[in-house]
Amino acid sequence: MNIRSQISMVFHLDKCIGCHTCSIACKNVWTDRKGAEYMWWNNVETKPGTGYPTKWEDQEIYKGGWDKNGDTVSLRGAGKLRGLKNIFHNPNMPVLEDYYEPWTYKYSDLFTAPEGNDQPTARPVSLVTGEHIDVKAGPNWDDDLGGSPDYARKDVNFKALTPSEQESLFQLEQMTMFYLPRICNHCLNPACVASCPSGAIYKRGEDGIVLINQERCRAWRMCVTACPYKKSYYNWNTGKSEKCILCYPRLESGQAPACMHSCVGRIRYLGVMLYDADRIEQVASAPERDLVDAQLGIYVDPFDENVIKAAKANGIADSTIRAAQLSPVWKFVKQWGIALPLHPEFRTIPNLFYVPPMLPAMASVDADGVYDSHTESLWAGIEKSRLPMQYLASLFTAGDTERMKLVLKKLLAVKISRRNTTVGDLSAKEVADALEGGRTNAKEADAIFRLTSLATFEERFVIPPAHREESIEMLEDTGDVKGNTGFGFKLKPARGL
Amino acid sequence: MWGEQTDVCESADWYNSKFIVSMGANLGMTRTPDIHFFSEARHNGSKTVVMSPDFSMVAKHADQWIPAHAGSDGAFWMAVTHVILKEWHVDKQTPYFMDYVKRYTDSPFLVRLDKKGDHFAPGRLMRAKEVNEYKNVTNGDWKFLMADAATGALITPKGTMGYRWDEQQGNWNLKFENGTDNRAYDPELTFLNKHDEVLQVEFLDYGHQHLAKRGVPVRYITTVDGERVPVATIYDITMGQYGVGRGLAGEYPADYNDKNASYTPAWQEIFTGIGRNTAIKFAREWAGTAEATKGRCMVIVGAAINHWFHGNLMYRSAIMAQMLTGCNGRNGGGMNHYVGQEKLAPVDSWGTIMSGKDHGTVPRLQQAPIWHYINSSQWRYDNNQADYNSVPNDANPLARKHSADWVLMSVRNGWMPFFPQYNKSNLDIARDARKEGAQTEADIRDYVVRKLKSKELDYSVADPDDPINFPRNWFIWRGNALMSSAKGHEYMLNHYLGTHHNDIANEVAGEYVTDIKYREKSPSGKMDLVVDINFRMDTSALYSDIVLPTASWYEKADLNSTDMHSFIHPLSEAVPPVWEAKTDWQIFQSIAKKVSEMAKTHFPAPVTDIVNVALSHDSADEITQPRLLDWTKGECEPIPGKTMHKIVVIDRDYTQIHNKFITLGEGVAKQGLGAHGVKYECADVYQEMLEKKNHVQVVDGKEYPSLREDVEACDAVLKLSTLTNGKLNMRGYQMLEKKTGLALTDLAEGLQAVRIDYKDLQTRPHRYNTSAVWSGLMNDGRAYAAYTFQVDRLVPWRTLTGRQHIYMDHDGYIMFGEHLPTYKPSPLPQVYGDIRKTVNDGKARMLNCLTPHGKWHIHSTYGDTLRMLTLSRGMEPCWMSEKDAADLGIKDNDWVEVYNDHGVYCTRACVSSRIPRGVCIVYHSPERTYTVPKSQVRGGRRAGGHNSFTRVHLKPSLMVGGYGQFSFHFNYWGPVGANRDTHVLVRKMEKVEF
Ligand code: SF4
Ligand code: SF4
C-alpha cells in the first residue's frame, strides 16, 4: 500500500445551470493574456454537442489518452518516442480552428467614422491577426443546443445509437440538453505527464495537482495531443504549454479554486481522496467493463486504521487525513456511488466526478401533433428518461448502462423519499419500491439530499490546510516567470511522486 | 387582483414549494443566482414543471416540460381550473380550499345579474347603499354585500374599501364580522342549495367566439328603489364561467372530452397543442399537493407572460387555480412574477427623498408605455384595438375606441398621468389666472377647470402633434431607452430624433380616432436635446447629444434592493469612478446647482406652477369614481380629484433647487413618511439626524440633515425606513392597528432595536425588518412570501372588497368582457399591423418573433461585453427551428433579415431543435454598437435591433382609474407595452455589407 493524497472534485450536473460564471472567473484570473485568449481552462459545454475544442471526445481524430496494452497501457497518439518522430508534423493536434479564432470589435470605428447616412458599427477583428474576421466558432458555440443540426447531432456519444434513435432525440417529445462543465481532471494516470519529452509536467506530491513547469517546457505540445480531455493548451505568444493549476495558490491559502468559489449553481464540491498509488497501472489497464469499479477501488477508506497508518508513513499530514474523512467527494463517489468519472475509457483515471442530470420525462406526440407529457405517478421512472442510457453510459461508465440506471434510480429514490418525508402523499409501496430500486434507504436518501441541497460552503469545499513547513521548503529556488503561470520548483521536493 | 404589483416571494421561498411551475420565465438564464433554490427543492421532493414553447434553460431542471404554443398558457390554466373546480370543489368539497376561498377571496360577494333579452349577464357588485338595511352607511358605494349562510341575511362585511377610508377606523379587517354591528356571520359561498331561481346567464368563449348560456342559481334582493334584482355569488358565476355544471340547466360541457365547450381539457388542446390528459393530471397533482401542504404550490412568471397583449388574462387564469386551492399568502405558494418592476424595498423613505416631497415638491411621475405610445407617434400607426382585442360584439361603443382616445380619456379623467400637460406653459396659466383675479389655490384650480371646459386650454395629449405639445428635452438615465426598452425603436428614431429609420408602416389612426387630434403630417425630430447618463457606450449613448459618464456599481456608494431576496445591497466604491465619471447623485447635483445659478437670472423670484396628479391608489382617491363617466362628454361635472385628475398649485423657487437637493427637508419631520397606505411619524429621527453635526447643511442660517454626499443620502434612506429602523417600524404597525382594529405590533416588537446604516450593510449582509409597508412576514427567519400578512393576520388586501379578486366589476372590464377570468387568443398578425406593407416574395416566412431576456444580459447591459460575446456567438442571433430554417434554405450561422413594417434586424441564424416551428427568438437585447450590417430589404441602409420590429400596443382596460385597486400608482398600475404578439418575416441574406 502506497497511500497518497489527491484533491478531487464532484460536479453535480443536475444543478448546473450553464451560466459559465466558472469560466469567467477562471478566464479573468488566469488566461486574460496575449496568446491565452483562446484558452478556457474551465469551459462549460451543452450536451448533446461537440464541445470545445470541437469533437474533443473523438479520439479517432485526436488520439488522446491511453490504449490498453495487455496488463499495461500505452499512449494512444503521443508517446514520447512517437511524438519525437513527428515533431514537425503532428496531424492529431487540434489547430486554432478546432478551438476558435479569438476576436474583438473595432470599437474605435464608433468614434472615428466619418459623417455619413448610417450609424457606424464596430465589426469583429481577429485578436491574432488584427484583421476583420467572419466569426464562425467560439468556445461555447453550441450553447443551449445552438446549431443543433451542425453540432448536437454530431456528438460522439451517439455512436451506440441507431440513426432513427438519434433523430428522435431532436424531436419535441424527447429533446433535451444539459451542461457539462469541464476542467483538468488532475488525473492519477495523466497522459499529459507521460507524453512530455522534456519532463516539464509533473504531479505535485502533496495534493496531486498536475502542473507544467514553464521553465522546462520546450513547446513540444505532446501534452496537447495526449490529454484526451484537451485540457492542456499551447500559448502561441510565450511558446509554452499551459493548463489548469486548480488555483493552487488559492488552495494553499485555504480558498476554493476560483471556478468553484464562484459557482452560482452550487454544483461543485472539492475534497481529499486517499488512494493507493501501487494500483495505478492495474486500474488503468482494467478491462473496459471493470474500469469504473477498478477506479473506485483505488480510493481507500480514510477511516481505516491501516490506511491512516500507511498515509502517515508516506508523510501525509494528520490535517490532510482529517480532511479526507470529511471529504464530500468521498461521500458522493464512494459511499453513495452516485458520482462517476467522465470517459473512464480514456484510462487517465480522472479525479473529477459527475453526478448525472435528471432532466424532464419523455413525452409523446400523437398523429395530430398533440403533445402529452403526463405521467402516472408524480415522477416518471427512469425508463422515461429523455436521454437514452447508452448516451449517458458513453459519457460516464464506459458504456455500462446498468450502472447508469442504478445511479439515476438512486437519485429518483432521494426525491421520492424526501417527498414522503415532507408531504407524505405517496403510497408506502411507491416509496419502498423506489428505495429498493435505488438500493438505498431513507436515511441515506436524506444524507444525499442534504449534501445536494443544503450544504454550506464549508461542507462543499473541504480544503486540507497547507503546512507552513512545506511552504518554506517549496519556496526554495522557485522560479517566477512574469506573465506566465504554472511556475513550479526546480528541486525535487522531499515527498511525493 | 391584489391591489399590489410586485409583491412576490423572495427566491429562497421557492425552496419551500412542493409544486413549482415556471411559466414564461427562464430562471437559468435570467435568475441565475437564484435558480439553485429551484433545483434544490427538486431534490427535496418538490415537483417542477416548466411551461415554455422552447426547451429553455430552465426546462432542463423540470420533471415535466409542457411546451404550450407561444401565448396560449392562459388556455391551459383555464382547463386546469375547470378540473380543480369540478373535482375538488364540486365532486368533493375540500375543506381547506372551501375555507380559504370564503375568507380570502371575493367569491361570496354578490353580483347583480343584468337582463339581456331572454337571459342575463353578470353585472356590477351589489353595493351596500343599494339595499334598505345599509342605505345610510358611509362610503356606501364602496361597501359590498354577502349573504350569511346561517340566516340568509345580507351582510356588509368588514375589510372592504369603504371601511378603509371611513372616518371611524378599526373595521378594515378580514374578520367574519358585519361592518355595521360587528355581528358574526358565515359567508354563503353558493346558492346552489338555497336559491329563488336558476337563471340562464351568458358566458362568452373568445376561443370559439361562442356565447353559451348556463344556469346560475340566484336570490332576489329588493333595492332601495324597490327594484327586485337577481343576485348571484361570484363563486356561482365562476362555476358558470368555467362550465362546471353541478346539475344545472344550460350549455354545460358533457365531460372533459367536449372540445366545443369552454373550458374543458379537450377545449384547451385546440389552443395549446397540449394533450387533455396532461392538463387533467397536472390539475390533480397541483390540487393534491395544495391540499396535502395547505397551499404550497407556486407559479413563477416572467416577462414572457407579462408582455403579451393579453398578459393580464394569462396571469389571472393562473392565479385562479391558486386562489381556488389556497396557495396565495402561503410560504411556498403564490404567483411570483419577476418582471422588471423591481422592488425598492425601503420605499417608505426612498419614495419621498427621490421625489423631493420632503421639501413639499409635487413631482411629475409618468407611466412610460403611454408616454412613448403618444409622443413617439406610434399611436398614429395603430389601427383600432377593438380589431384585435376580442371585444364582445354588443359591447358599449367605448370599447371600440382607439387606444389613443382611451389614453386621452384616461388622462382627462385622472386615471393616468401625462406630461407635457397643457398646450400652454403651466407657469403662464397660473400667471394668467392671477391676472384674471384668481387669488387662492382654489381660484386657480377653478380657472383651469373653466378654461378646460371652454376648450381655451387643452391637454397636450389631445393634440400631440402640435409643436407646442412636443416634449423637447430628454434625459435618459441608466435605461437604454433608445434600444433595449424602446419598443418601437424605429419610430423613436423618426419622431423623436428625426434621423434615419427603417419604419415603412402607414399612418392609419386617422381613420379610427375620434377624440385625439390627428394631423395629416406627422412631426419628425421632436426632441431638441437628448442627454444620456450612462456608464456604457450603448445605442442610446450613440444617439445622444451629450453623454454624461457615470460611475458603475463598484465605483460609488449606492443602495440596491430587489424582490429576489430580503437584503439591501450596498454597492460601495471599491475603486474611484474612472476618468471623468461621477456618481449619479453627483451628476444630478451638479445639474441642480447649475440650474439654480441660472435661475437667479431667469427666475429670480418664485413662480406658481400647476401640476395634474392622477387619482392615486392607497389614498381616498381610490374611492372617487364608482362609475365610468366622462366629464368632457357632459356625463358629469369636472371636479378635480373626483371626476377628474387633481390639480395641484405649487410655488417653485428654482434658485433653491440645489439647496433642496443637498438637504433633507422638514416635511419629513412635519408630515412623517410612509407607503402603501401606512404612515408614521419621524420628527424624532429627523432631530437625531440634525444632531450629527458633521452631516448637516446650513441654508439661510437654518440647519438641515445633509444629503450632499452619496453616503449621506443612503443613510437618510436607511435611517428613515421601517425596514432598517425598528423604532419607526413599530409605528407603522401601530398605525395599521388603528386602521384595522387588529393586534399587529407583536410583529415589530423583537425588532425595535434594529438600526441599520450604510456602514453596517458594508460590514455584512443584514436582512431587513418585517414591515407594515410590505405584505410578507419574515419574523424568525421565515422566507418572505407575499400576502402572508393578509392570510396570517387578516389584514385586507388593498382592493375593493379587501379580498383577492376573481371578479372585476369596473365598467371598463365589463365592457371589454374581462370581468371574469377568461381566455382571449393572441391578436392575429393580419389585424395587428406588423405586416401590412411588407410583401413576402416567397423567399421569407412569417414567424411569431419573441424577444425574451437573454443570457448574461440585464436588458442590454453586460451581454455586449467582449467576454459574454465570446461565450455566445459574437452577436444576438435569431434562433429558429430546424424545419423553418430548412424550408428557407438557411443553415446555422447564415445571415438573415428579420423584418416587418416597423423595421429590420440583420443577424445570423442559430438553428436549433429546441425552438418550435412558427416561432423565432431574438433575445433582448442587441446593440447597434457592434456587428450590425446593412439591410438589403431596406435598400442598403443600416439595420437596427430587436426593437426595430416591435411597436407599442396599449390595452385600454389597463388604463382605467379612480376605482379601488384600479388607481394609478407610479410604476404599479398602467398598461404594459405589449410586444410578444409581434410577427416578422425572416429570410436569408443574400449579400452582407457593413
Ligand atoms: S485532464 Fe489532461 S491535462 Fe489534466 S491531468 Fe488529465 S491528462 Fe493531464
Ligand atoms: S458556475 Fe457552476 S452552475 Fe454555472 S456553469 Fe459553471 S459549473 Fe455550472
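This note sets out points on the interface of chain A and chain B and on the surroundings of ligand 2 in a predicted model.

1. Extent of the interface. On the side of chain A, 83 residues are in contact with 76 residues of chain B. Together the two chains bury about 6,600 Å². Carbon and sulfur atoms account for 55% of that buried area.

2. Charged and polar pairing. Nine salt bridges are counted between chain A and chain B. A salt bridge links A:Asp134 to B:Arg908, with 2.4 Å between the closest N and O atoms. Polar contacts join 55 residue pairs across the interface, where both residues have pLDDT 80 or more.

3. Elements of chain A at the interface. Two or more residues on the side of chain A that touches chain B come from each of the helices α1 (21-30), α5 (108-112), α17 (401-422) and α19 (442-454). The strands β5 (103-105), β7 (178-182) and β17 (371-372) of chain A also give two or more residues each. The element that gives the most is α17(A), with five residues.

4. Composition of that side. The residues of chain A that touch chain B divide by class into 40 nonpolar, 23 polar and 20 charged.

5. Surroundings of ligand 2. There are 14 residues around ligand 2. Those that come nearest are A:Cys16, A:Cys19, A:His20, A:Cys22 and A:Cys263. By class, the shell around ligand 2 consists of nine nonpolar residues, four polar residues and one charged residue.

Technical notes. Residues are numbered from 1 along each chain as its sequence is written. Chains are lettered from A and ligands numbered from 1 in the order in which they are written. This is a predicted model: local features need pLDDT of at least 70, side-chain atom pairs count only at pLDDT 80 or more; totals for chains, interfaces and linings use all residues. Side-chain values use heavy atoms; hydrogens and water are left out. A residue is near a molecule or strand if one of its heavy atoms lies within 4 Å of it. Ala, Val, Leu, Ile, Met, Phe, Trp, Tyr, Cys and Pro count as nonpolar, Asp, Glu, Lys and Arg as charged, and the others, Gly among them, as polar. Contact means heavy atoms within 4.5 Å. Buried area is the accessible area (1.4 Å probe) that two parts lose on being put together, summed over both. A salt bridge is a side-chain nitrogen of Lys or Arg within 4 Å of a carboxyl oxygen of Asp or Glu. A polar contact is a pair of N or O atoms within 3.5 Å; within protein, one must be able to donate a hydrogen and the other to accept it, and residues adjacent in sequence count only if both atoms are side-chain atoms. Helices (H or I, at least four residues) and strands (E, at least two) are DSSP runs, numbered from the N terminus.
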